[in-house]
Amino acid sequence: MPSAVNKPDVFPSLTPEIILSFQFSSWYPKFASLSIKSTVIRPLTRDFLDYLDADGVFMPEGAEDIPAESTLSDEEDGSGYESDSEDEEHRKFSFPELDAKIREAVSRYGAVFPKLNFSSPRDAAWMLPASSPLKCVSPADVYLLLKSSDFVQHDLNLGHVFDGCESAPRIYDLELVLRKWYPVDRSRELRCFVRQEKLLGISQRDPNYYDFWNESGTQIKVLDSVKTFWENNIKGKWPEAGGDYVFDFLLTRDLSRGHIIDFNPYAPRTDPLLFTYEDLHDLLFVRGDDYTPQPELRVVDSPSHPAATRNAPAHQHNMVPLEALTISSGRGVQDFAGALRDEIRRSMQDDSDDD
Ligand SMILES: Nc1ncnc2c1ncn2[C@@H]1O[C@H](COP(=O)(O)OP(=O)(O)OP(=O)(O)O)[C@@H](O)[C@H]1O
C-alpha cells in the first residue's frame, strides 16, 4: 500500500491543454466507432457567437422549416405578454450556411442532439416535448435549445472553461456538435471515474430508482461489462490527461456491452453523482499499485435512497428565461414550454411581417 507521503491529491492538476483534450472534436475521432454518430461544425462564425451572447431568446431569420403557427393569441392566453419585437429592437441575425448544415445532419440522422465543445443544453430540455428530450428536427429547434441554456453559456466563457487551471486560458474555436438523436434509456446510463488509469468507481447517472438494479446478478454483470469494455477500448488511450478522466457510458439493453456518450475531465466541474471525489480518492488509496482493482458500482437501490429524485423535472427551478415568467402563470411545465415556444415563433413571424 502506498505511504501517506506518496498519496496523490484528490484532484490531478489541470492545464488548458488537458481541458481542451475533452472538447468533443478532440476525443471523438479516436473513439467514433464506440460512440454515437456525430457531425462537428467548426469553427462557428463571430456572428453566431454574437447571436448566442445576445440577450433574450429569439430566432435568426430563415431558421424555421415550417411556417410559424401560433396556437395562442394574446387574448386567449391573457398574459399581456409582449414579444421583443414590440418593445425592443434586437439585432437581426441569419445563418443560411449553418441552417443548411443543420438540415443536412437532420436528414442524415433523422433527428439531432446538439452540443457545443463541452456542454449540451440539457437544462433547456423542457423547451421541447418531454417524450423526446433534446430531439431537434430543424435549425430553429437547435437554436431554441442553445439560446435557452445556461449550460451552453459555460462553453462561451473562458473563465469557466479554464477554471482551476494552473496556466493562462487558451483561445479555442467554438464548435457545434450534432449527434444522431436516440431515445436514450436513462436507467442504463453510467458515469465511470478513472484516476491514474485505474477504473475506481461507476455511478448510475440518472438519480431515479429503477428496480432492475436489484435483480439477482445484475450489478455483477454490469461491473463486468463496463470493466471489460474499458480495458479493451479505453484504457491507456488518455495520455493527454495523464490517465485521469471520467466517461459516460450507455449500456445495451442486455447490459453486456455499451457505447461511449462523452468524456469529461477528472475535476470538480464533473459531477461525481453517487460518489464524492473524496470517496474516489479513498478507493485509489486502498487500491494502490499492488491491488487488482475492482471498481465500485453505486446505484439508486431503493426509492428512499437519499439521491432518488422527487417528481420535479430536472433544472426546472433556475432555467426559466425572465421574459417567460409572464406567460407561465397557472401552467404545467410542458404547457408552459409549448406556450413559450409559440410566443418565440410568433415574435419571429411578427419580425418577418415587419420586413
Ligand atoms: N445522441 C443523443 N440522443 C439523445 N439523447 C442524448 C444523446 N446524447 C446524450 N443524450 C442525453 O443527454 C444527456 C446529456 O448528454 P451529454 O453527457 O453529452 O451532455 P453534457 O452536457 O456533456 O452532460 P454533463 O455536463 O453531465 O457531462 C445524456 O445523459 C443523455 O441522457
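**Exercise 1. Place leucine 134 in the fold and describe its backbone and its exposure.**

Step 1: Leucine 134 sits in the loop between S2 and helix H7 (139-148). Helices (H or I, at least four residues) and strands (E, at least two) are DSSP runs, numbered from the N terminus.

Before going on, some ground rules: this is a predicted model, where local features need pLDDT of at least 70, side-chain atom pairs count only at pLDDT 80 or more, and totals for chains, interfaces and linings use all residues. Residues are numbered from 1 along each chain as its sequence is written, and side-chain values use heavy atoms, with hydrogens and water left out.

Step 2: Check the backbone. Leucine 134 is not a glycine, yet its phi is positive, near 65 degrees.

Step 3: Check the exposure. Leucine 134 has 6% relative accessibility, so it counts as buried (under 20% relative accessible area; exposed is over 50%, partly exposed in between, with a 1.4 Å probe and protein chains only).

**Exercise 2. Do the same for leucine 273.**

Step 1: Look in the loop between S7 and helix H11 (277-286), and you'll find leucine 273 there.

Step 2: Leucine 273 also shows a positive phi, about 55 degrees, without being a glycine.

Step 3: Its relative accessible area is 26%, so leucine 273 is partly exposed.

**Exercise 3. Work out what surrounds the ligand and why it lies between two domains.**

Step 1: Take the shell. It has 19 residues, and the closest are Ser120, Lys180, Glu189, Arg205 and Asp262 (a residue is near a molecule if one of its heavy atoms lies within 4 Å of it).

Step 2: Sort the shell by class: 10 charged, six nonpolar and three polar residues. Here Ala, Val, Leu, Ile, Met, Phe, Trp, Tyr, Cys and Pro count as nonpolar, Asp, Glu, Lys and Arg as charged, and the others, Gly among them, as polar.

Step 3: Find the strands. S2 (112-115), S3 (176-180), S4 (189-195) and S7 (258-265) each put at least two residues into the shell.

Step 4: Bring in the domains. Both domain 1 (4-17 + 185-298) and domain 2 (37-64 + 92-181) contribute to the shell, so the ligand lies between them; the bounds come from an automatic or database domain assignment.

Step 5: Pick out some polar contacts (pairs of N or O atoms within 3.5 Å; within protein, one must be able to donate a hydrogen and the other to accept it, and residues adjacent in sequence count only if both atoms are side-chain atoms). A polar backbone atom of serine 120 is 2.7 Å from a ligand oxygen. A side-chain polar atom of arginine 191 is 3.0 Å from an oxygen of the ligand. The protein covers 90% of the 620 Å² of accessible area that the ligand has on its own (Shrake-Rupley method, 1.4 Å probe; for residues, only the protein chains shown count as cover).

**Exercise 4. Explain how the pair of phenylalanine 48 and tyrosine 51 is classified.**

Step 1: Start with the total: the structure holds 31 aromatic pairs. Rings of Phe, Tyr and Trp (its six-membered ring) pair if their centres lie within 6.5 Å; planes under 30 degrees apart count as stacked, over 60 as edge-to-face and the rest as tilted.

Step 2: The ring centres of phenylalanine 48 and tyrosine 51 are 5.8 Å apart with planes at 45 degrees, so this pair is tilted.

Step 3: Phenylalanine 48 and tyrosine 51 are three residues apart in helix H3 (residues 46-53), so about one helical turn separates them.
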